[in-house]
Amino acid sequence: MPRTTTVNFPGSARHHTIPTGLHVNGEWIDLEDTFDVVDPATGEAFASVSDGTKAHARAALDAAHAAQTSWADLAPRVRGDLAHAVHRLLIERADAFIDLMVLESGKPRSEAIGEMALTLDFVKWLAEQAAHVHGSFSRGSRGNFRIIATTQPVGPSLLISPWNFPLLVPGRKVAAALAAGCTAILKPAEQTPLTSALLMQTIVDAGIPPGVINLVHTTRPGELSTELMGDQRLRKVSFTGSISVGSLMMSQAARNIISVQLELGGNSPFIVLDDADVQTAVAECVAAKFRNAGQACVAANRIILQRRIAEEFTELFVDEVRKLVVGPGYRQGVDVGPMISEKQRHAISRTVEKVSAEKADALVGGKPIGGDGYFFEPTVLAMRDTAPEFSCQELFAPVAPLYVVDSIDEAVAFANATRYGLAAYLFTRNISRAVCISDRLDVGMVGVNRGLMADPAAPFGGIKSSGLGREGGQHALEDFLETKYIALTTD
């Protein structure tokens, strides 16, 4: 029997038994070398999992490579049915997933419930796409032969997921790989391994064949990726994380020309024009900024206000931020949970202290919260200037800087003045203006009059240094497929 841990959910009678090993070629592998899983709301470890090595990564690639041909040859409808089976089990185990997300990542239970629902939507959407991968048949330009364009799975894939969305990101990566006919190795973030372990158990219980999906936990991700990216059998890497690591992954992939899908950092501008519905903009900004304690790649990072509505927006926004309840995610009524680690909290504390002394006025918050866990006050900063050394960095924290501009051109120029290009938000009552400005924003996604935009039918991803490829919509499977051209003589 595999080694397991029993996780008790605070304040309830619920408890969940989760495997703590690696999963390679259909078998759970328990190791003596382990690492702790910490509750960021208390700073205390509550479980430990096996700590894999590059040898385990090689074994996982061996398994994925061996299973690739049979999985790709399986009828698309059968692959889709198996993915639907995963979806049904996810529904049955929703409470366990929600509890684990709260404990591992610190997010409020209400947000974990939302992540569970969105994950289910993605898995169902992608399961439905498995049987709808189409090619084309046409005549050659001179009419003397036929052109057949078809697709085939890219092959064994490495899926690397972050801690801030511990089910949504690995769930949609795995579902896309399965639907496209690719085998895979899942490497979850070391802060949130148990959610991925339960996902792996769900995949096994749904009947996905051995070797198709493999799970490797590790505190040595660099060694693992270097080992796998140097092997020509690996044909795809899908990575969500920082620009620095994403850039390294690209350089490693270059050696063997491995297909790369990257969803990297963001520095999202949240632009409120002088004709906007200010109350709606405030409500959506609170959601876009403080969801997951600001620890989201699409979080509103620079709130850009046209001068005529700046005072009204600021007053309403500060009032709403003051109402936010901070605490452990498992307490009722909590709006903002902890940051993921003391290191992250210390970094933002120093940043806010420095910018407040030189470039900004703290209208609310601005300090770490004492006691257990890694909590930081929801913070609003009134910026005195654009402060490039501050505005060009991704905050990844519950800190909202407000900037005032005089014109639309100034707002757009400031919004684009960054290496990032993931998401932007735009609030205006003028739809023609919204379309024109959206075209001018150097980002992969624009939310118009809304602060949340993720949807399984939509292409999620960025441009510039924010990444390559898309997750969601038809594009999700395309990133796991290669196009093949067949020239057929018919005379």
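How many aromatic pairs does the structure hold?

1. The model under review is predicted. The structure holds 7 aromatic pairs. Two of them are described below, followed by the charged groups placed over rings and by one pocket.

2. Phe-270 and Tyr-425 make up a tilted aromatic pair, with 5.6 Å from centre to centre and 35° between the planes. Strand β14 (residues 268–272) contains Phe-270 and strand β19 (residues 423–427) contains Tyr-425, so this contact ties together parts that are 155 residues apart in sequence. Both partners are shielded: Phe-270 is buried, and Tyr-425 is buried as well.

3. The pair of Tyr-403 and Phe-414 is edge-to-face, its centres being 4.8 Å apart and its planes at 65°. Here a strand meets a helix: Tyr-403 belongs to strand β18 (residues 399–405) and Phe-414 to helix α13 (residues 408–416), with the two positions 11 residues apart in sequence numbering. Tyr-403 counts as buried because its relative accessibility is 3%, under the cut-off of 20%. Phe-414, at 9% relative accessibility, also counts as buried.

4. Beyond the single pairs, one aromatic cluster is formed by Phe-270, Tyr-425 and Phe-427. The tilted pair of Phe-270 and Tyr-425 is thus accompanied by Phe-427 in this cluster.

5. Charged side chains are also placed over aromatic rings. Which ring lies under the charged end of Arg-302? The charged end of Arg-302 sits over the ring of Phe-414, at 5.3 Å from its centre. Phe-414 is also the ring that pairs edge-to-face with Tyr-403. In another place, Lys-236 lies over the face of Phe-480, 5.3 Å from the ring centre.

6. The second largest pocket encloses about 220 Å³ of space. It is lined by 16 residues, of which Pro-76, Arg-79, Val-133, Thr-151 and Gln-152 are the closest to its centre. Two or more lining residues come from each of α2 (76–92), β8 (146–153) and α5 (168–180).

7. Which element gives the most to the lining of the second largest pocket? That element is β8, with 4 residues. What is the make-up of the lining of the second largest pocket by class? There are 9 nonpolar, 6 polar and 1 charged residues in the lining.

Key. Residues numbered from 1 in each chain as written. Predicted model: local features only at pLDDT ≥ 70, side-chain atom pairs only at ≥ 80, totals over all residues. Heavy atoms only, no water. Phe/Tyr/Trp six-rings, centres within 6.5 Å; stacked < 30°, edge-to-face > 60°. Buried < 20%, exposed > 50% of the residue type's maximum accessible area, 1.4 Å probe, protein only. Lys NZ or Arg CZ within 6 Å of the ring centre and 35° of its normal. 1 Å grid on protein atoms, 1.4 Å probe; cavity = no way out; pocket = protein on both sides within 12 Å on 5 of 7 lines; lining within 4 Å. Points joined across faces, edges and corners; volume = space filled by probe spheres on them. Nonpolar A, V, L, I, M, F, W, Y, C, P; charged D, E, K, R; others polar.
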